[in-house]
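Reader: Please take a close look at one helix of this model and at the elements that surround it. I should like the account to proceed step by step.

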Amino acid sequence: MINLDAAKLDVIYRVMNSETFGLRTSQRIVGGNKRLMRLIEEGKIRAEKTSRAQNGKWFINASDVLRYARI
């Protein structure tokens, strides 16, 4: 029997794979800056910062962030 909850969650991950979150939104979802940076360094969350400037915008893969969401 197919688990409908798992199937729906898989669809959400696939749809959100082409979307990005900003740094603050991602931090709130995963549980803080330290955890987010650790996940990015470990390669578990794909992230790109287009500018080397201190205040440059982050583009963080939404699907990856949702996979590591904390309550």
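Author: A helix is here a DSSP run of H or I with at least four residues, and the helices are numbered from the N terminus. By that rule, D64 belongs to helix α4. The model is a predicted one.

The helix to be examined is α2, which spans residues 23–30 and has S26, Q27 and V30 as its buried residues. These residues lie on the same side of α2, because they cover an arc of only 100 degrees around the axis. A general rule of helix geometry is relevant here: with 3.6 residues a turn, residues three or four places apart point the same way. The other side of α2 carries R24 and R28, both of which are exposed. Directly after the helix, G31 adopts a positive phi of about 110 degrees.

The buried residues of α2 have several packing partners. They pack against β1 (20–21), α3 (33–41), β3 (58–61) and α4 (62–67). These partners may be taken in turn, beginning with α3.

Two packed helices are described by the angle between their axes and the distance between the axes. For α2 and α3, the axes come within 8 Å and cross at roughly 100 degrees. An angle of 65 to 115 degrees counts as roughly perpendicular, and α2 is therefore roughly perpendicular to α3. On the α2 side, the contact is made by L23, S26, Q27 and V30, while α3 contributes N33, R35, L36, M37 and L39.

V30 also enters a wider assembly. The largest nonpolar core consists of 11 residues, among them V30, L36, L39, W58, I60 and V65. At least two residues of this core are supplied by each of α3, β3 and α4. The largest share, three residues, comes from α3. In soluble globular proteins, nonpolar side chains tend to be buried together. M16 and F21 are further members of the core. Leaving aside residues up to four places away in sequence, M16 touches F21, A62, S63 and L66.

The strands β1 and β3, against which α2 packs, belong to an open sheet of three strands in the order β1-β3-β2, with antiparallel pairing. β1 and β2 stand at the edges, each with a single partner strand, so one side of each has no neighbour in the sheet. Two bridges link β1 to β3 in the antiparallel sense, and T20 stands opposite N61 of β3. Strand β2 (residues 47–49) is joined to β3 by three bridges, and these two strands run antiparallel. Within that pair, E48 has F59 as its bridge partner in β3.

Strand β2 also contains K49. K49 lies 19 residues from V30 in sequence and 18 Å from V30 in space, taken C-alpha to C-alpha. With a relative accessible area of 31%, K49 is partly exposed. Its contacts, not counting residues up to four places away in sequence, are Q54, G56, K57 and W58. W58 is itself one of the residues of the nonpolar core.

The remaining partner is α4, the helix that holds D64. D64 has a relative accessible area of 8%. The cut-off for a buried residue is under 20%, so D64 is buried. Beyond residues up to four places away in sequence, D64 touches K44, I45 and R46. Of these, I45 is also listed among the core residues, as is V30 of the helix with which this account began.

Conventions
Residues are numbered from 1 along each chain as its sequence is written. This is a predicted model: local features need pLDDT of at least 70, side-chain atom pairs count only at pLDDT 80 or more; totals for chains, interfaces and linings use all residues. Side-chain values use heavy atoms; hydrogens and water are left out. Buried means under 20% relative accessible area, exposed over 50%, partly exposed in between (1.4 Å probe, protein chains only). The arc is that of the directions from the helix axis to the C-beta atoms. Contact means heavy atoms within 4.5 Å. A nonpolar core is a set of buried Ala, Val, Leu, Ile, Met, Phe, Trp, Tyr and Cys residues joined through side-chain atoms within 4.5 Å. Two strands pair if DSSP finds at least two bridges between them. Axes are lines fitted to C-alpha atoms, for helices over the stretch in contact, and angles run from 0 to 180 degrees between N-to-C directions. Angles under 35 degrees count as roughly parallel, over 145 as roughly antiparallel, 65 to 115 as roughly perpendicular and the rest as oblique.
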